[in-house]
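Visitor: Got a minute to walk me through this one? I'd like to poke at the empty spaces and whatever sits around them.

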Amino acid sequence: MTDPIDPDPGRARLDRLNAEAEKGGGEARIQKQHEAGKLTARERIALLLDPASFVELDKFKTHRCSDFGMADQKVLGDGVVTGYGTVDGRQVFVFAQDFTVFGGSLSGAFAEKICKVMDLALEVGAPVVGLYDSGGARIQEGVVALAGYADIFLRNTLASGVVPQISVILGPCAGGAVYSPAITDFIFMVRETSYLFINGPDVIRANGGEAVSREDLGGAKVHASRSGLAHFAHDSEEGALRAVRELLSFLPASNREEPPARPCTDDPGRREDLLRTIVPDAPERTYDMREVIRAVVDDGHLLEVAADYAPNLVVGLARLGGRTAGIVANQPAVQGGLIDGDAAAKAARFVRFCDAFGVPVVTFVDVPGFTPGTAQEWGGLARHGAKLLYAFAAATVPKVTVITRRAYGAAYAVMASKHLRADVNLAWPTAEIAVMAPDGAVGIVARRELEAARDPEVERARLVQQFREEYANPYRAAALGYVDEVVKPEETRPRLLRALEMLRTKRGTIPPRKHGNLPL
């Protein structure tokens, strides 16, 4: 008796190849991945994208290396899963490095797969999310692997400001591989399981004798709080991937689209009584600017970016009237709200992102100046401060500024002042706009009167109060047109919404040029 003939051998072969590709490096390596507390590439994609929306590309692609016995070691997909799907119904391109296949190492074919989805994302105008878990370049491929990295870097650069790029570090990311996420707009990391560095602990120990663990060198905590490279740090992969979905909900698909709008159930005319008393009477007392922001934005929700890095300045995304807005705010609860080099660079990059993708910027100002000290000056405070000034001045998106209390010296000018082309500048009655704080100003301009006074302390207090009432107030700036309106604090939300609605059709321009020379 002869065996029955398969009526559709092509279908059987396809099913077999699909099953082979989807098992990655095999059950043993998948189990090892799980034992390390990590998900597989396909599990990660399933969490990121809407159910059943993923369309895989180059599923059967393999490497072309025949050296070092690699000709007989081929795995379908070659260690990276690529394709597209949706997040909340909106198209997203994704690549996920598969650590179960050759340790997620990058080959020429691996790089080509990533480049293909990045090229498609640019052509159709959709975000790219990269899920990183790789041991680095595949040594057996030599310069081909290095060329593959460079090809990806080029696409990261060309896509910058065109489509949002998000990197999620879910395992190792070392050596030259770090430059791809470093170019992207946002980086997520997972505590204890992901790390990112150029030179690993062994290299550092061999060259300088310095002993350091992978976590202390390049873990989520250090990059979220010290280097500022990671914008978000989470305790689990599931939490990180949920957060990526939330971030995408605020962003346009590309620079050709407006940021997404949602129905707003929060009353646009809502007045918040908390704001009437939040600014302390005593200038040396502090308050949390995030309370001001949450009292103003829709539903009190702020997605703070880089919250643990340079916390003296807050940046993040929120909605006002259902529409995305970028928030930049001094934080008087940390270092009195002084701007240091890290804070200036953090805010500058965020403002430039918002400008690239048409996201209006709302700035809350309470700043006594720039951080004094030799460390700051030697560290390039002037250069870093100029980055923030440059970013605000060059931005053509709608810009609305609210001065809640102090706006002193050069920091007044830098923080989205009218002189840097801010469109609408509001001030609370508590605002103090001056070259310096009243106490310091009196010490200079009234030095002789204080020296001649019978009771210098009483006279100083009188002169400080006089200076505050006559000079350090919002009305002088309003008389000059530098402040458009002095508003009651509780009316901030409706005023902001009206200003942003008025500015929706704004079309700002800059002088024709190839590009400016940002003070990097």
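Visitor: Which residues lie nearest the centre of the largest cavity?

Guide: Q97, L106, Y132, Y149 and A177, out of 14 residues that line the largest cavity. Keep in mind that this is a predicted model.

Visitor: And which elements give two or more residues to that lining?

Guide: β3 (90–97), α5 and β6 (172–174) do. The largest share comes from β6, with three residues.

Visitor: How much space lies in there?

Guide: About 100 Å³ in the largest cavity. The whole structure has four cavities of 30 Å³ or more.

Visitor: What's the nonpolar, polar and charged split for the lining of the largest cavity?

Guide: That lining has 10 nonpolar residues, four polar ones and no charged ones.

Visitor: OK, what about the second largest cavity, how much space lies there?

Guide: About 60 Å³. The second largest cavity has 13 lining residues, and A21, L76, G77, V81 and D98 lie nearest its centre. Its lining divides into five nonpolar, three polar and five charged residues.

Visitor: Switching to F60. What is F60 in contact with, leaving aside its neighbours within four places in sequence?

Guide: L14, L17, N18, A21, L76 and G77. A21, L76 and G77 are also among the residues nearest the centre of the second largest cavity.

Visitor: Where is F60 found?

Guide: In the loop between β1 (55–57) and β2 (80–87).

Visitor: Is F60 buried or exposed?

Guide: Somewhere in between: F60 counts as partly exposed because its relative accessible area is 37%, and that class runs from the 20% cut-off for buried to the 50% cut-off for exposed.

Visitor: How many residues apart in sequence are F60 and P9, and how far in space?

Guide: They are 51 residues apart in sequence, and their C-alpha atoms are 18 Å apart.

Visitor: Back to α5, since it came up in the cavity lining. How many residues does α5 have, and how far does it reach?

Guide: α5 covers residues 143–159, so to speak 17 residues, and reaches 24 Å from first C-alpha to last. That is close to the 24 Å expected at 1.5 Å a residue.

Visitor: Which residues of α5 are buried?

Guide: A145, G148, Y149, I152, N156 and A159. They sit on the same side of α5, because they cover an arc of only 100° around the axis.

Visitor: Why would residues three or four places apart point the same way?

Guide: Because an α-helix has 3.6 residues a turn.

Visitor: What covers the buried residues of α5?

Guide: The cover includes α4 (108–124), β5 (165–169) and α6 (179–183). Y149, one of those buried residues, is also among the residues nearest the centre of the largest cavity.

Visitor: Which exposed residues are on the face turned away from the buried side?

Guide: V143, L146 and L158.

Visitor: What phi does G161 take, just after α5?

Guide: A positive one, about 80°.

Visitor: Now the open spaces. What's the volume of the largest pocket?

Guide: About 840 Å³. It is lined by 27 residues, with S160, R352, F353, A356 and L518 closest to its centre.

Visitor: Which element supplies the largest share of that lining?

Guide: α13, with seven residues. α6, α13 (341–356) and α15 (381–394) each supply at least two.

Visitor: How does the lining of the largest pocket divide?

Guide: Into 15 nonpolar, five polar and seven charged residues.

Visitor: And what's the volume of the second largest pocket?

Guide: About 640 Å³. The second largest pocket is lined by 27 residues, and P259, G358, P360, P398 and R504 are the closest to its centre. β12 (323–330), α13 and α21 (492–502) give two or more residues each to its lining. The split there is 12 nonpolar, six polar and nine charged.

Visitor: Let me zoom out. How many helices and strands are in the protein?

Guide: There are 21 helices and 17 strands. The C-alpha atoms fill a box of roughly 120 × 55 × 45 Å along the principal axes.

Visitor: What percentage of the residues count as buried?

Guide: 51% of the 520 residues. As for contacts between residues at least 6 apart in sequence, 74% join residues at least 24 apart.

Definitions and conventions
Residues numbered from 1 in each chain as written. Predicted model: local features only at pLDDT ≥ 70, side-chain atom pairs only at ≥ 80, totals over all residues. Heavy atoms only, no water. Helix = DSSP H or I, 4+ residues; strand = E, 2+ residues; numbered from the N terminus. Expected span 1.5 Å × (residues − 1). Buried < 20%, exposed > 50% of the residue type's maximum accessible area, 1.4 Å probe, protein only. Arc of directions from axis to C-beta. Contact = heavy atoms within 4.5 Å. 1 Å grid on protein atoms, 1.4 Å probe; cavity = no way out; pocket = protein on both sides within 12 Å on 5 of 7 lines; lining within 4 Å. Points joined across faces, edges and corners; volume = space filled by probe spheres on them. Nonpolar A, V, L, I, M, F, W, Y, C, P; charged D, E, K, R; others polar.
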